[in-house]
Amino acid sequence: MGIISNFVSDMDRLVELYRNKYGCDPSLVKELTADGSPRRYYRMTGEADVIGTIGTSIRENEAFIAWGTHFSSLHLPVPEILAVTSDSMAYLQQDLGDTSLYTLISEQGGDVAYRDVIRHTIDVLPAFHYGVDGFDWSKCYPRAAMDHRAVLWDLNYFKYCFLKASGIEFDEDKLESDFECLASILTDNPENTLMLRDFQSRNVMVDRSGTPYVIDFQGARRGSGLYDVASFLWQARAGFDDDLRLEMMDLYRRSAERISGKMIDRFESRVRLMALFRMLQVLGAYGFRGFVERKSMFLASIRQAVANLATLLDVIDSHAPYLRLVLAQLVALPRFAMEDPHEGLTVTVMSFSYKKGIPDDMSGNGGGFVFDCRAVHNPGRYEEYKSLTGMDAPVIDFLETDGEMVRFMDECYGLVDSSVSRYIERGFANLMVCFGCTGGQHRSVYGAEHMARHLNEKYGVRVRLIHRERNVNKTFNAL
């Protein structure tokens, strides 16, 4: 009942605001999907077509409204703020349609087909960064600048929400020392510019004329605009290649230097360092939204973000050598490896330790089967097997001698086989099957090994086999 009453309350406030603005009620109100945002959006049609927004934070709403008004006064491409409630918790803004730049790139032809829109987007970006005269910085949310503390927030967001969840062991004191050093470098902003903070293709709407509009700037604050360049060009799922990145970086630099009248020192190296920082912040967000809130769209983006991160490690060799070492271990983890393109079903089979948590499904489908092997007699209790795994012959003999593990696997085969058959019939692309035990070393490894071979041999499907705690990754190609 609480959800329904909140929905009605939101609707009532927006309808009243619309009525006060246009003298009549909207003919239709439809709630829109908000991805990861806590704000709620509604398309309202009638006398005028607008987007009604209900926020959860007064300060965040006030920041969006203040920046939107400021950018509009500079004739920059942002949605016009049309009406605001007295408490700033609801507002109406211009409806720019349903097509984001990300939609164009990912669903309608790739970055080559829409390079002119991408070029237009990058070309106008410096006007945002340098158009700060007369703005009241106290309106910024949550801070007026991307200062040392704000950078450390993002770095620790990555550490707690993603790095710790990866299972990598690290020296926290050494890592924090490198974070401090990196924060000092990242907060250097000699151009005295603004950063939009979350500038990426999902937050650029493209109207019917092909004009790009920036729609997300409530987190804008004083900081290096090069962060936005990096955020846009290294967006995990946009898939921009290096040639495009170089072309767009050069376009931004020339446009920025024309507006400011000054050269930008160490431009490319600073952009790449910002790109690495952005990837850490993004992975922190993906970890929280995916691992904690269980939102599949964020899990599905992790592999590409890690792949992007892998190309940027060299930029911190001299600045943060211990962080670089830790990140090198992270990008080498098999479960974050990019998959080769494949037509047909891929089954990911994984062994794991319950002490380190049930694995997440990186495909974004929400997982499949999880089989608990802990009731099976454990060879790890005996000294002669402690250094071995479920891939070794003595452990296999131990598990199969009394038939307990064999009977367990027969039950597992029966359950998984029925799903694999249906997945193949229906053209599904991904299924996950996990085996867990106490240490992720003996029983679960045996179970995952045998399930992977069984499915590959019986159905001919591609199988990715991952022994998470052993750091082993194998692929059985489709037959």
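**Stop 1: helix α12 and its neighbours**

Start with the buried residues of helix α12, which pack against α6 (148-166), α9 (242-260), α10 (267-292), α11 (296-299), α13 (321-331) and β13. Keep in mind that this is a predicted model.

Now select α12 itself, residues 302-310. Which of its residues are buried? Colour Ile302, Arg303, Ala305, Val306, Asn308 and Leu309. An α-helix has 3.6 residues a turn, so residues three or four places apart point the same way. Look down the helix axis with that in mind.

**Stop 2: isoleucine 302**

Stay in α12 and pick isoleucine 302, one of the helix's buried residues. What does isoleucine 302 touch, beyond residues up to four places away in sequence? Show Phe162, Leu283, Tyr286, Phe291, Phe336 and Met362.

Ile302 also belongs to the largest nonpolar core, a set of 95 residues. Together with Leu196 and Leu327, Ile302 touches the most other members of that core. Select α10 next: this helix gives the most to the core, with 13 residues.

**Stop 3: the second core**

Move on to a second core, separate from the largest one. This second core has 31 residues. Select Phe398, Leu431, Ala448 and Leu465, which are among them.

**Stop 4: histidine 467**

From Ala448, go to histidine 467, which is in contact with Ala448. Histidine 467 sits in strand β13, residues 462-467. The same strand, β13, was on the list of elements that the buried residues of α12 pack against.

Is histidine 467 buried or exposed? Its relative accessible area is 0%, so histidine 467 is buried.

Show the side chain of glutamate 449 as well. The side chains of histidine 467 and glutamate 449 make a polar contact at 2.8 Å. Then add the other residues in contact with histidine 467, leaving aside neighbours within four places in sequence: they include Ser351, Met391, Val445 and Val472.

**Stop 5: the whole chain**

Zoom out and show the protein chain as a cartoon. How many helices and strands are there? Count 16 helices and 14 strands. The C-alpha atoms fill a box of roughly 80 × 55 × 40 Å along the principal axes.

Of the 479 residues in the chain, 53% are buried. Take the contacts with a separation of 6 or more: 72% of these join residues 24 or more positions apart.

Switch to a surface view. The accessible surface comes to about 21,300 Å², and 49% of this belongs to carbon and sulfur atoms.

Finish by colouring the charges, 53 positive and 66 negative. Their mean positions are 2 Å apart.

Technical notes
Residues are numbered from 1 along each chain as its sequence is written. This is a predicted model: local features need pLDDT of at least 70, side-chain atom pairs count only at pLDDT 80 or more; totals for chains, interfaces and linings use all residues. Side-chain values use heavy atoms; hydrogens and water are left out. Helices (H or I, at least four residues) and strands (E, at least two) are DSSP runs, numbered from the N terminus. Buried means under 20% relative accessible area, exposed over 50%, partly exposed in between (1.4 Å probe, protein chains only). A polar contact is a pair of N or O atoms within 3.5 Å; within protein, one must be able to donate a hydrogen and the other to accept it, and residues adjacent in sequence count only if both atoms are side-chain atoms. Contact means heavy atoms within 4.5 Å. Accessible areas come from the Shrake-Rupley method with a 1.4 Å probe; for residues, only the protein chains shown count as cover. Lys and Arg count as positive and Asp and Glu as negative; His and the chain ends are not counted. The place of a charge is taken as NZ of Lys, CZ of Arg, CG of Asp or CD of Glu. A nonpolar core is a set of buried Ala, Val, Leu, Ile, Met, Phe, Trp, Tyr and Cys residues joined through side-chain atoms within 4.5 Å.
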